[in-house]
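Work through these exercises with the model open. Try each task before reading its solution.

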Amino acid sequence: MTTQSVRLGIGLMILSTFVLATQDGISRYLAEAYNVITVITIRYWFFAVFVVGVSTMRKGGVRRVARTHHPVLQVFRGLLLIAEICIGVLAFTLLGLIETHAIFACYPLLVVALSGPMLGESVGWRRWLAVGIGFLGVLIILRPGLQVFSPAALLALASALMFAIYSLVTRYVSRRDSAETSFFYTGVAGALGISLLAPFAWNPMQGWVDWGWMLMLGCTGAIGHFLLIKALEVTEANTLQPFAYFHLVFATIYGLVLFGEVLETPTLIGTVVIVAAGIYTILRTGRKPTLGERRGTV
């Protein structure tokens with residue numbers, strides 16, 4: 001992996017976070033006027049078309065890409081992610097982009113905490129300490145027991161937990177299934193699942209302006225995932241993962257500038273604590289273990 005490819009991968013990763021944060025802003029805007037299920041259904045229809053199109057262009061086409069060793073888990077992944085997205089977008093409308101993303105930033109810590117019981121992975125005491133510090137940051141944001149605590153914050157926390165489980169299941173199926181297979185089921189299973197719910201919560205789009213926003217929503221999702229795929233093609237995931245926190249930065253800017261949200265001091269402090277702990281766990285996960293760590297003493 002050359003220096004040039006690393007820089008390219010990082011650039012693509014940061015650009016993808018900007019595009020996906022834009023998608024979050026559009027999702028919040030539309031979800032304030034329409035049912036969340038309606039917004040996510042149309043968004044996922046765009047995504048499914050994109051996924052199938054990408055799969056068709058792969059060697060062997062859709063038939064090869066759809067071949068999986070874990071059909072039940074792959075479908076479960078797709079349904080879990082679509083449920084997580086619905087809860088996350090609902091949190092955008094009730095809590096705002098800033099606080100939702102601030103709490104959601106703890107998901108890498110949840111991945112570490114759950115990797116032992118779910119995948120049997122060993123977690124050293126340093127990463128456990130980082131997890132504990134990160135959750136202290138979550139408590140700083142939530143401020144439980146105080147009047148400013150919003151029950152909607154629990155939606156953001158639930159969204160982070162669901163995405164952590166999704167990430168771990170994805171890691172498990174990747175032992176036998178390719179990334180393109182997992183990507184295929186993420187789009188197709190999710191689109192089919194949300195389409196079953198759509199008739200019970202459908203709000204017709206009012207005018208071409210909102211359809212234009214829906215088109216932008218679908219395009220940002222497709223472009224954002226395409227950029228992410230390209231970034232992972234040229235640079236290792238562990239190198240790119242810390243830069244995923246730029247999503248939080250861009251979402252915060254959108255919240256402040258476009259939606260008039262306020263970045264409160266406890267939220268800022270808690271976010272810094274969570275991000276610092278998250279980056280530390282990512283770096284610890286990506287490094288090669290020492291002899292003591294291989295023996296389980298660190």
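The exercises below concern a predicted model.

**Exercise 1. Place S16 and decide whether it is buried or exposed.**

Solution.
- Start with the backbone. S16 sits in helix α1, which covers residues 3–31.
- Next, take the accessibility. S16 has a relative accessibility of 2%. The cut-off for buried is under 20%, so S16 counts as buried.
- Then look for partners beyond four places in sequence. S16 is in contact with G224, L227 and L228.

**Exercise 2. Find how many disulfides the structure holds, then examine C86.**

Solution.
- Search the whole structure. The result is 0 disulfides.
- Now check C86. Its nearest cysteine sulfur belongs to C106 and is 20 Å away. A disulfide needs the sulfur atoms within 2.5 Å, so C86 is in no disulfide.
- Add the accessibility. C86 has a relative accessible area of 14%, so it is buried.
- Turn to C219. At 35% relative accessibility, C219 is partly exposed.

**Exercise 3. Compare the span of helix α4 with the expected value.**

Solution.
- Count the residues. Helix α4 runs over residues 71–95, which makes 25 residues.
- Take the span from the first C-alpha to the last. It is 36 Å.
- Compare. At 1.5 Å a residue, 36 Å is expected, and the helix is close to that.
- Look just past the end of α4. There G96 takes a positive phi of about 100°.

**Exercise 4. Describe the largest nonpolar core and the contacts of I40.**

Solution.
- Begin with size. The largest nonpolar core has 64 residues.
- Find the residues with the most contacts inside this core. They are I40, Y44, V89, I103, C106 and I274.
- Ask which element gives the largest share. Helix α2, residues 36–57, supplies 9 residues.
- Zoom in on I40. Leaving out residues up to four places away in sequence, I40 touches I82, I85, C86 and V89.
- Recall the general trend. In soluble globular proteins, nonpolar side chains tend to be buried together.

**Exercise 5. Locate the kink in helix α6 and list the buried residues of this helix.**

Solution.
- Find the bend. Helix α6 spans residues 107–119 and has a kink of about 35° at A113.
- Read on along the chain. The proline P117 follows shortly after the kink.
- List the buried positions in α6. They are Y107, P108, L109, L110, V111, V112, A113, S115 and L119.
- Step past the helix. Just after α6, G120 has a positive phi of about 70°.

**Exercise 6. Count the salt bridges and trace those of E32 and E180.**

Solution.
- Count first. There are 5 salt bridges.
- Take E32. It pairs with R28, with the closest N and O atoms 2.9 Å apart.
- Check both partners. E32 is partly exposed at 47% relative accessible area, whereas R28 is buried at 9%.
- Move to E180. Its side chain meets that of R58 in a salt bridge of 3.4 Å, N to O.
- Place this pair. E180 is in helix α9 (residues 179–197), and R58 is in the loop between α2 and α3. The two are 122 residues apart, so the pair links distant parts of the chain. R58 is partly exposed at 32% relative accessible area.
- Add R64. It also forms a salt bridge with E180, with the closest N and O atoms 2.6 Å apart.
- Place the second pair. R64 lies in helix α3 and E180 in helix α9, 116 residues apart. R64 is partly exposed, with a relative accessible area of 29%.
- Finish with the network. Salt bridges that share partners join R28, E32 and E261 into one network.

Key
Residues are numbered from 1 along each chain as its sequence is written. This is a predicted model: local features need pLDDT of at least 70, side-chain atom pairs count only at pLDDT 80 or more; totals for chains, interfaces and linings use all residues. Side-chain values use heavy atoms; hydrogens and water are left out. Helices (H or I, at least four residues) and strands (E, at least two) are DSSP runs, numbered from the N terminus. Buried means under 20% relative accessible area, exposed over 50%, partly exposed in between (1.4 Å probe, protein chains only). Contact means heavy atoms within 4.5 Å. The expected span of a helix is 1.5 Å times one less than its number of residues. A nonpolar core is a set of buried Ala, Val, Leu, Ile, Met, Phe, Trp, Tyr and Cys residues joined through side-chain atoms within 4.5 Å. The bend at a residue is the angle between axes fitted to the seven residues ending there and the seven starting there. A salt bridge is a side-chain nitrogen of Lys or Arg within 4 Å of a carboxyl oxygen of Asp or Glu.
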